[in-house]
Amino acid sequence: MQKINPLRKSFPAFYLGMVLTTLAAAFAAQAQTTATLTIQANQPGAPISPNLFGIFCEEINSAGDGGIYAEMVRNRSFEEPGNTNYWQLITSGGGIGTISPDSSLPLSASNLFSLKLAQSSGSGSVGVANGGYWGMNFQAGQTYSLGLYARCSGGFTGALTASLQSANGSQVYAQGTISNLTTSWQYFSLPLVPNASDTAGRLSLAISQSGSVWLDVVSLFPQQTFRNRSNGLRPDLANVLVNLQPSFMRFPGGSWVNGDSLTNMYAWKRTIGPVGDRRLQHNLWGYYVDNGLGYYEYLQMCEDIGTEPLFVINCGMDVFSVGDSVPLASMGPYVQDALDAIQYANGPTNSTWGALRAAAGHPAPFNLKYIEIGNENGGSAYNDRYALFYDAIKSNYPDIHIIADNWGGLPVSRPVEISDEHYYSDPTFFMANATKYDSYSRSGPKIYVGEYAVNTGAGNGNLIGALGEAAFMTGLERNADIVSMASYAPLFANLNNKNWNPDLIYFNNSQVYGTPSCYVQQMFSVNRGDEVLPLTLNFTGGTNVPPHGVIGLGSWNTSVQYTNIVVTSNGVTLYQSDFVNSGTNGWRVHNGNWAVNGGIYQQTTIATDCRSTTGNTNWANYTITLQARKVGGSEGFLILFNWLDDNNWTWFNVGGWNNTQTAIEQMVNGTKSIIGQGVPGSVQTLQWYDIRIVLNGTHIQGYVNNVLVLDVNYPAIEPVYASASYAPASGRIILKAVNVTGNPITTTFNLDGLPSVAPQAGLEQLASANSLAENSLASPTNVFPVNGLIPNAATNFSHTLPAYSLSVIRFQTPPVSPVRVGLAAGTNLNYLDPSAGGIAVNLSSFITNGVSVDFTVETPDGTVVTNGTLAFVPGQTNQIISLPVSVLSPGAFFRVTLSHPVNGQLNSLTNAFFAVASSSGGPLQLAVAHYPDENLIYWTVTNATLLEATNLAGPWATNDNQAAPIQVPESPMSEFFRLKQR
């Protein structure tokens, strides 16, 4: 995500080259639509990437500091410019004193300033208070952990009183003291438990004796963090992410990676280690970040919410200053940073960076598999730098998946495995692009839609925006052979510091709610299949009424003149201007100073959005011709057509955007955006221009001086979008259907290739009669998924999709018959991981009734270790035979036998042999297992060769069966075996 200047925010189409238009009443004037949706249930297609739906976490909107990062103190290390920002002097009882930044004795080389609290006189107290991020949220009975560094002036013998207070200090909810301060820095901690709740509280630190106390790294955390991590996360925000069930998390940006310059870019090495020593960094979104939520914490977050980490590294380019890139000869440190980041995440504990990870508390690797080179970088400079990163990473870590930016084209210097594409637009752009990837080359790189969201016509996150995204997501799922990953952006926004609109999840310091887009993401992520099922959609009735409406003239900060206006349709003249005789009769003025002068209709005020209209709203498929002249001002001409009211119209903007561009713009329900792409274009003052606009259905052609400059179409919007998938483990067909219209649509569902489905189908729906409906702190579930059932499901049935809705329908197919139960192993020895705790038993299909099987586990001498019955219920396809920990020692050997299946059949494998591998470097073990029905020779080392001979003197030959165990005797009885280390 890139910070966009105001011009780009207003007109992103010229920047992104996208179709931008807004859905409003696209289906408002249509006949009743019905649909037929056919799923080819017996023709599974491409496998769906298990990483298809993920999340993108960027430090924007106070998403981290003041958000999911649970630190409650703002500017805890006094390093922000001004040093005492968000801290205020407080006194009581006549105490007199001051607070000031001090650098005389830094806590560390990277933490130069502390706060000096000095009491000069008075019998009361002098203190300092911090209200955190728009107030601190205290909950009665919960524990809050205060931590700080402090030292005092010589002769100071008093204590530091810490308290949790109301915003004005009139109420004290918890209090404690810190004593035994010295003239040297010491770390102190103190638990505080408030006796009342307050969402607008503050932390106070005070002294009541003359002297000075210095404070640094003053931290207050709720003791209850997500997964009880120190330096952890807000549980309520983290649990929303858990509920999304994302497969991956892209972090830490976005533009946060780029920074607002190369000198202020994200550097992960400055975000690890003691929190007080981490780099304070200005955020290009307008606030400071202390990086307490650093690289380690992001990796830990991914692990704790159960998702794959995807790390974005700066590639040595400044996206905000064209041409400002690190010279290729100086790129070594940047490339090494990427290699070191991978080692920090994955390296062994005896590696340089792996040791630092272990010292932070995580000796096991985080298993980072994805790294993206840069964010929204492109051009020749990116092409050159991509090669440097690619070569270094693949040489050292060949299994790492490298993601390349597709920003104005992909790099060609090295292979591209995954391409990152970003899209921000209005609902109809995403609907119109639901088929975008249908035509993508299947021989090219996989696609990662790294950032996408409806950000025009979406309010603060409304339903129609979410449904536009849902329509687009059906296309992502249907094209799972090419689209491997996708993530909405941005993820979080603190309502007190919104830098971007809309966002997926909103919160303040005590509440959180998801937008309708959040629930769309959740419904797609939770309801996933493993294979794409082909489907077709056909519609009857509901033919869209072609675009229609009156014509008009306009100007923007420009004085203009118009004449010789003619409107024709199919050879019939609908309107011809006669300003000499008729004046302004029939013309309605919306804004501006419009008047007739000598047969010319002119607007003389230099003001924005001046319009005048005439005609009949039933006009359609017409051609407008006219002459136009600019008298003065900064832009060109605006010719309106298909005007229905002041909030719904289209215009041909000639010489707009400070007389630099020409484009077709559409206003729908008060939101204006561009159709197609604009082209360069300007208008000369006092020169007459011939303008012609030809309308044919949804097709628009714009001519200037008889030259066709724009040839575009209104976006093609279907009433319903859908995708289907199959989940073999559960036997479910999962259908997602999006009705983007304001009418319920009766739909006939055909599930071809199936004999039957269960008569009850699961149903989850997100819907509202109001397409602009939103959630809020006051009404967090105004638009919320509702679960239900379809009672009449069959391979052919009808069901009505509600207006403005996303429906997820889960069909239960019959199980594959007969269901077979067996061991997840071959006929020979299978090595067990002791941490797995047992032996896996699988079903060949999902089940709709109970299946059970008996089991027996024996040691080499026939002793029964454990036995019993495994019972499978619907929804289960595998279980574990648990083994006692006491027998899972290296070198242990077991025979497992399955018998007496109920409601199923045994696989051909009725017994198998399992072992715990012998310890590395231990003696080779060759032994005989005696069972009533067979004798076996087995060994439990993985790197040994079995030799055999007919006598002890040899010769010894390699036995053909190199997998333990083998049945003995083979032939003849006088056969000898030994092991040889490989």
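Helix 5 (295-305) supplies the largest share of the lining of the largest pocket, namely five residues, where helices (H or I, at least four residues) and strands (E, at least two) are DSSP runs numbered from the N terminus. The structure is a predicted model, in which local features need pLDDT of at least 70 and side-chain atom pairs count only at pLDDT 80 or more, whereas totals for chains, interfaces and linings use all residues. Residues are numbered from 1 along each chain as its sequence is written, and side-chain values use heavy atoms, with hydrogens and water left out.

The pocket to which helix 5 contributes has a volume of about 840 Å³. Rolling a probe the size of a water molecule over the atoms shows where empty space is left. Here a pocket is an open set of points, on a 1 Å grid over the protein atoms alone, where a 1.4 Å probe fits and where protein lies on both sides within 12 Å along at least five of seven lines; lining residues have an atom within 4 Å of a point. Grid points are joined across faces, edges and corners, and the volume is the space filled by probe spheres set on the points. The lining of the largest pocket consists of 39 residues, and those nearest its centre are Phe221, Ser230, Asn231, Val275 and Glu297. At least two lining residues come from each of strand 8 (144-152), strand 13 (211-222), helix 5 and helix 7 (352-359). By residue type, the lining divides into 19 nonpolar, 13 polar and seven charged residues, where Ala, Val, Leu, Ile, Met, Phe, Trp, Tyr, Cys and Pro count as nonpolar, Asp, Glu, Lys and Arg as charged, and the others, Gly among them, as polar.

Helix 5 is itself mostly covered, with 10 of its 11 residues buried, a word that stands for under 20% relative accessible area (1.4 Å probe, protein chains only). Among the buried residues of helix 5 are Tyr295, Glu297, Leu299 and Asp304. The buried residues of this helix pack against strand 2 (53-56), helix 3 (235-244), strand 14 (248-251), strand 17 (308-313), helix 6 (332-346) and helix 7. Just after helix 5, Gly306 takes a positive phi of about 80°.

Tyr295 also appears in the largest nonpolar core, which has 76 residues and in which Leu241, Trp268, Tyr295, Phe311, Phe389 and Ile393 have the most contacts; such a core is a set of buried Ala, Val, Leu, Ile, Met, Phe, Trp, Tyr and Cys residues joined through side-chain atoms within 4.5 Å. Helix 6 gives the most to this core, with eight residues. A second, separate core of 44 residues includes Met431, Tyr452, Leu463 and Ile482. Within the largest core, Ile393 touches residues that include Ala338, Leu339, Ile342 and Ile371, when residues up to four places away in sequence are not counted; contact means heavy atoms within 4.5 Å.

For the protein as a whole, there are 13 helices and 64 strands, and the C-alpha trace spans about 125 × 90 × 60 Å along its principal axes. Of the 982 residues, 55% count as buried. Among contacts between residues at least 6 apart in sequence, 73% join residues at least 24 apart. Tyr622, in the loop between strand 34 (610-614) and strand 35 (623-633), offers one view of separation along the chain, as its C-alpha atom lies 8.3 Å from that of Ile693, 71 residues apart in sequence. Tyr622 counts as buried, at 0% relative accessibility. By contrast, the C-alpha atoms of Gly583 and Ala892, 309 residues apart along the chain, are separated by 103 Å.

Several backbone features remain to be described. Most residues other than glycine have a negative phi, and most peptide bonds are trans. Asn61, however, has a positive phi near 60°, and Asn75 likewise has a positive phi of about 60°. Asn61 lies in the loop between strand 2 and strand 3 (87-92), and the place of Asn75 is also in the loop between strand 2 and strand 3. Asn61 counts as buried at 0% relative accessibility, and Asn75 counts as buried at 6%. A cis peptide bond joins Ser817 and Pro818, with omega about 0°, and Pro818 is found in the loop between strand 49 (805-812) and strand 50 (820-823). The peptide bond from Gly954 to Pro955 is cis as well, with omega near 5°, and Pro955 is found in the loop between strand 61 (944-949) and strand 62 (957-958).

Notes
Buried means under 20% relative accessible area, exposed over 50%, partly exposed in between (1.4 Å probe, protein chains only).
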